[in-house]
Amino acid sequence: MDEFETIVEIISEFLGDPKKVYENTSQVSWDCPVCDDDKHKGNLEVNIDKGVFHCWSCGEFEGTHGTLNKLFDKYGNRKQKKLYQVLKPETVVKREKKKKALKLPDSFTLFKDSSHVYPIRRQAMNYLKSRGITDEMIEKFGIGFCDKGDHAGRIVIPSYSTNGVLNYYIARSWNPMSRAKYKNPEAEKDKIIFWENLIDWNKDIYLVEGAFDGLFLDNPIPMLGKHMSELLFDTIYQKAKGNVIICLDGDAWKNAVKLYHELNGGELYQKIKILKLPMDRDVCDLKGQIDPYYVIIKD
Ligand SMILES: [Zn+2]
């Protein structure tokens, strides 16, 4: 018996026998426990793959719609719900994970909220200073650090969407011995624009790989890697009014040229500029001193 059949069987333990079962579309219907009244209309539809239910008759005004977790909470028992948690499809698990609002790590502390003599704050600050990061940057970008928990020993650079909601963060270890340099959230970085709330679309935009690079430039967008997401590409096309300057790391010259040609068209034609940094350097290493590295690409 597969998961689909087993889940249908568990739900049938509290809703009775299903009226219709369509395994290929993953749809199953039952009599609604709220409004059916022994008429056996089978109005309560469940989609096992999507992990949702809805009563076509009373769903809107009785609240008989939502996730299967809610259905189990309302009509099933704990044992049935537990079994469902084990069996539910991967697609549902993924969607549930995504839905959880992103939060900064528990011990996240802004530098201004911690004592200057606190040793961990000093370690964090020493690391930032060693990379040339100034108090103004720390303030402007809301940079903090973590002293406890699973992000202890990390600098955290948060990112907010245009409506001020945390959409991502970078958590960089300041301990050179740390096994994982970065411990970033699982949230899909392709679905967000880093520092979206800080971007001025009327000014020149600097495309960089990492958040640390972006700190040194005016109006930066970190791509969080060498590739540009579809979302960022489309958004730049729609919104960018100034020049777009590609400032990828020295080892990403091929990626940079490719991006140049992809962006250099339509409204953006001749507004794309590109830097060729030394092979083992990035904008952060150069502390934002990028002027000597502009190059001209012949179309
Ligand atoms: Zn109903």
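Which way does H1 cross as it passes H4, left-handed or right-handed? Keep that in mind as you click through this predicted model.

**Stop 1: H1 and H4.** Select residues 3-15 for helix H1 and residues 78-87 for helix H4. Their axes come within 10 Å and cross at roughly 165 degrees. Anything over 145 counts as roughly antiparallel, so that is how H1 runs relative to H4. As for the opening question, H1 passes H4 in a left-handed crossing. Now show side chains: Glu 3, Thr 6, Ile 7, Ile 10, Glu 13 and Phe 14 come from H1, and they make the contact with Gln 80, Leu 83, Tyr 84 and Leu 87 of H4. Sorted by class, that contact has six nonpolar, two polar and two charged residues.

**Stop 2: H3 and H4.** Keep H4 on screen and add helix H3, residues 68-75. Here the axes come within 9 Å, again crossing at roughly 165 degrees, so H3 and H4 are roughly antiparallel. This crossing is right-handed. On the H3 side, pick Leu 68, Asn 69, Phe 72 and Asp 73; they meet Gln 80, Lys 81, Tyr 84 and Gln 85 in H4. The contact divides into three nonpolar, three polar and two charged residues.

**Stop 3: H10.** Jump to residues 253-263, helix H10, and colour Ala 256, Leu 259, Tyr 260 and Leu 263, which are buried. They sit on the same side of H10 because they cover an arc of only 105 degrees around the axis. Rotate to the face turned away from that buried side, and you'll find the exposed residues Lys 254 and Lys 258. To see what covers the buried residues, switch on elements including strand S10 (205-208), helix H9 (230-239), strand S12 (244-246) and strand S13 (272-275).

Terms used. Residues numbered from 1 in each chain as written. Predicted model: local features only at pLDDT ≥ 70, side-chain atom pairs only at ≥ 80, totals over all residues. Heavy atoms only, no water. Buried < 20%, exposed > 50% of the residue type's maximum accessible area, 1.4 Å probe, protein only. Helix = DSSP H or I, 4+ residues; strand = E, 2+ residues; numbered from the N terminus. Arc of directions from axis to C-beta. Contact = heavy atoms within 4.5 Å. Axes fitted to C-alpha atoms, helices over the stretch in contact; angles between N-to-C directions. Parallel < 35°, antiparallel > 145°, perpendicular 65-115°, else oblique. Left-handed = near helix turned anticlockwise from the far one by under 90°. Nonpolar A, V, L, I, M, F, W, Y, C, P; charged D, E, K, R; others polar.
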